[in-house]
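Colleague: I would like to go through one part of this model slowly. Please start with the whole and then narrow down.

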Amino acid sequence: MWLPPPGMGAGGWGTRTGMKVGGTPAVAASGEEIGPDGVREPGGEVHAWLPGQNQTVCGLALSRTRLRRFPHVRFDYSGTDVLTEADPVGWICPRCLAATAGRRGKEKHGWIRQSPRP
């Protein structure tokens, strides 16, 4: 009978105490810049990443795509954000935007019935 190593829950891999999977998505980016206060900031191609995982929300492996992790930067972009030439961020992943946006309001479905049957 297989027993999990010490410190690992009965659920198997990924359920270790102290390992936080899920929660608020952070940023993983293809480049980085140093801000005026000396803190690393994401640049280039930006994706949503859940700390504790080795892939982005849209499914890209961080190691294969050579994306850098920014656990101190929250992924709080929206689909209406306008990027200019002055921004260090050049592209925001639309699949990550869709995955982190969630439902609009208290809707159960993504559609609304206009003319219900009697």
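Colleague: How much area does the protein expose, and what share of it do carbon and sulfur atoms supply? After that, please look closely at His47: in which strand is His47 found, and which residues does His47 touch?

Modeller: The protein exposes about 8800 Å², and 52% of that comes from carbon and sulfur atoms (Shrake-Rupley method, 1.4 Å probe; for residues, only the protein chains shown count as cover). This is a predicted model, in which local features need pLDDT of at least 70 and side-chain atom pairs count only at pLDDT 80 or more, while totals for chains, interfaces and linings use all residues. Residues are numbered from 1 along each chain as its sequence is written, and side-chain values use heavy atoms, with hydrogens and water left out.

The average pLDDT of the protein is 79, and 74% of the residues score at least 70 (pLDDT is the predictor's confidence in each residue, from 0 to 100). Over residues 14-20 the pLDDT falls below 50, and in the model this stretch has 9 contacts beyond near neighbours in sequence (contact: heavy atoms within 4.5 Å).

The protein has 2 helices and 4 strands, in the order β-β-α-β-β-α along the sequence (DSSP runs numbered from the N terminus: helices H or I, at least four residues; strands E, at least two). Of its 118 residues, 25% count as buried (under 20% relative accessible area; exposed is over 50%, partly exposed in between; 1.4 Å probe, protein chains only). Among contacts between residues at least 6 apart in sequence, 51% join residues at least 24 apart.

Now to the part you asked about. His47 is found in strand β2. At 1% relative accessibility, His47 counts as buried. Leaving out residues up to four places away in sequence, His47 touches Ala26, Val27, Ala28, Thr56, Cys58, Leu60, Leu67, Phe75, Trp91, Cys93 and Cys96. Two of these neighbours, Thr56 and Phe75, can be followed further.

Thr56 sits in the loop between β2 (40-49) and α1 (62-65). Thr56 is also buried, at 2% relative accessibility. With residues up to four places away again left out, the contacts of Thr56 include Ala28, Leu67 and His47 itself, and Ala28 and Leu67 are also touched by His47. Thr56 further touches Ala48, Trp49 and Leu62.

Phe75 is buried too, with a relative accessible area of 6%. The model has 1 aromatic pair (rings of Phe, Tyr and Trp, its six-membered ring, with centres within 6.5 Å; planes under 30 degrees apart are stacked, over 60 edge-to-face, the rest tilted). In this pair, the ring centres of Phe75 and Tyr77 are 5.2 Å apart and the planes stand at 70°, so the pair is edge-to-face.

Strand β2 (40-49) also brings in charged residues. The whole structure holds 2 salt bridges (a side-chain nitrogen of Lys or Arg within 4 Å of a carboxyl oxygen of Asp or Glu). Arg40 meets Glu32 at 2.9 Å, N to O, and Arg68 meets Glu32 at 3.9 Å, N to O. Arg68 lies in strand β3 (residues 68-74) and Glu32 in strand β1 (residues 26-34), so their pair ties together parts that are 36 residues apart in sequence. Glu32, Arg40 and Arg68 are thus linked in a network of salt bridges. While His47 is buried, Arg40 is partly exposed at 29% relative accessible area, as are Glu32 at 35% and Arg68 at 38%.
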